[in-house]
Each structure stands twice: as structure tokens, then as C-alpha cells.
Amino acid sequence: QVQLVESGGGLVQPGGSLRLSCAASGSIFSIYAAGWYRQVPGKQRDMVARITRAGSTNYADSVKGRFTISRDNAKNTVYLQMDNLKPDDTAVYYCNADLVTMIKDIRNYWGQGTQVTVSS
């Protein structure tokens with residue numbers, strides 16, 4: 001079964017750092033493109049960062065200069081390095097990816113989400 005498994009969330013003080021990981025597992029060939037989104041209760045899910053197959057990135061204005069998305073193709077894993085965290089970054093973070101399957105079609109998947117809480 002194909003799935004995205006996130007890890008790395010937790011509680012951190014303002015100004016601290018966390019690194020989220022998103023590992024794709026199952027019968028897949030590779031990650032085509034991927035992104036991180038976040039959601040707080042009662043609000044829509046918003047894009048935080050995305051990375052293309054070629055490695056091009058884009059970020060939400062609120063995280064530019066503080067967050068970095070990257071990928072390890074050999075491990076089929078995407079990361080989100082979050083530095084200088086602020087209380088407003090508190091949310092459930094979700095990984096989203098277009099995965100190339102073994103029969104070479106592309107399907108979109110979501111991870112289960114990981115909680116990030118920034119508080120003193």
C-alpha cells in the first residue's frame with residue numbers, strides 16, 4: 001500500500017527549530033513533486049512550501065527565509081527545515097506528493113499530518 005509517513009513534529013519554543021520528514025513507501029518508483037501544507041482548526045489548509053521534480057522551490061510569504069524544503073530522491077523522502085519558529089507557525093503540517101507508481105502513472109497522496117506547536 002502506498003503511503004506518505006510524516007515525522008518530526010512536536011513542541012518547540014519561539015525561535016527554535018524543527019525538521020519534518022515525509023517518507024513515501026509502498027510500490028512507488030519515485031516522488032515527482034511534493035509540498036508541505038498546514039492547517040489550524042476552523043481554517044483552510046494552506047500551502048507552506050513546494051518542490052518540483054527538478055528541485056525548484058516556492059514558499060508562502062510568511063515562511064520565506066525561515067523554512068527550507070528539500071528532497072532526497074534515493075530515500076524517496078521530502079524534508080521541511082523550520083527555523084526561527086513563531087507561535088503563528090503552530091498547526092498540523094501535512095505532506096502532499098505526486099508519486100510515480102511502478103506502472104509509471106502519477107497519483108497524488110496526502111500524509112496523516114504531524115502537529116507542530118510553538119509556545120513558551
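In what order do the 4 strands of the open sheet lie? In this predicted model, the strands follow the order S1-S3-S8-S7, and their pairing is antiparallel. Strand S1, which spans residues 3–7, and strand S7 are the edge strands, each pairing on one side only. From one strand to the next, the twist averages 15°. Within this sheet, S3 and S8 are joined in the antiparallel sense over 6 bridges, and cysteine 22 has valine 78 of S8 as its bridge partner. In general, the strands of a sheet pair through backbone hydrogen bonds, in either a parallel or an antiparallel arrangement.

The loop between S7 and S8 contains asparagine 76. This residue has a positive phi of about 50° although it is not a glycine. Asparagine 76 has a relative accessible area of 15% and is therefore buried, since the term applies under 20%. A positive phi also occurs at lysine 104, another residue other than glycine, where the value is near 70°. Lysine 104 is placed in the loop between S9 and strand S10, the latter covering residues 106–110. In contrast to asparagine 76, which is buried, lysine 104 is exposed, with a relative accessible area of 51%.

Further antiparallel pairing involves strand S5. S4 and S5 pair in the antiparallel sense over 5 bridges, with tryptophan 36 standing opposite alanine 49 in S5. The hairpin of these two strands has 6 residues between them, and glycine 42 in this hairpin adopts a positive phi near 85°. S5 also pairs with strand S6, residues 57–59, in the antiparallel sense over 3 bridges. Here isoleucine 51 faces threonine 57 in S6. S5 and S6 form a hairpin with 5 residues between them, and its turn includes glycine 55, whose positive phi is about 100°.

The search of the whole structure for disulfides yielded 1. The bond is formed by cysteine 22 and cysteine 95, with the sulfur atoms 2.1 Å apart. Because cysteine 22 lies in strand S3 and cysteine 95 in strand S9, the pair ties together parts that are 73 residues apart in sequence. The torsion about the S-S bond is about -80°, so the disulfide is left-handed. Both ends of the bond are buried: cysteine 22 has a relative accessibility of 1%, and cysteine 95 has one of 0%.

The largest nonpolar core comprises 31 residues, and those with the most contacts inside it are Trp36, Leu80, Met82, Tyr93 and Leu99. Two or more residues are given to this core by each of strands S3 (18–25), S4 (28–39), S5 (46–51), S7 (67–72), S8 (77–82), S9 (91–101) and S11 (114–118). The largest share, 5 residues, comes from S9. In soluble globular proteins, nonpolar side chains tend to be buried together.

The surroundings of methionine 82 illustrate the contacts of one core residue. Apart from its neighbours within four places in sequence, methionine 82 is in contact with Gly16, Ser17, Leu18 and Leu20, and likewise with Arg66, Phe67, Tyr93 and Val116. Among these partners is Tyr93, which, like Met82, belongs to the residues with the most contacts inside the core. Trp36 is also named in that group, and tryptophan 36 is the residue that stands opposite alanine 49 in S5.

Terms used: Residues are numbered from 1 along each chain as its sequence is written. This is a predicted model: local features need pLDDT of at least 70, side-chain atom pairs count only at pLDDT 80 or more; totals for chains, interfaces and linings use all residues. Side-chain values use heavy atoms; hydrogens and water are left out. A nonpolar core is a set of buried Ala, Val, Leu, Ile, Met, Phe, Trp, Tyr and Cys residues joined through side-chain atoms within 4.5 Å. Buried means under 20% relative accessible area, exposed over 50%, partly exposed in between (1.4 Å probe, protein chains only). Contact means heavy atoms within 4.5 Å. Two strands pair if DSSP finds at least two bridges between them. Axes are lines fitted to C-alpha atoms, for helices over the stretch in contact, and angles run from 0 to 180 degrees between N-to-C directions. A disulfide is a pair of cysteine sulfur atoms within 2.5 Å.
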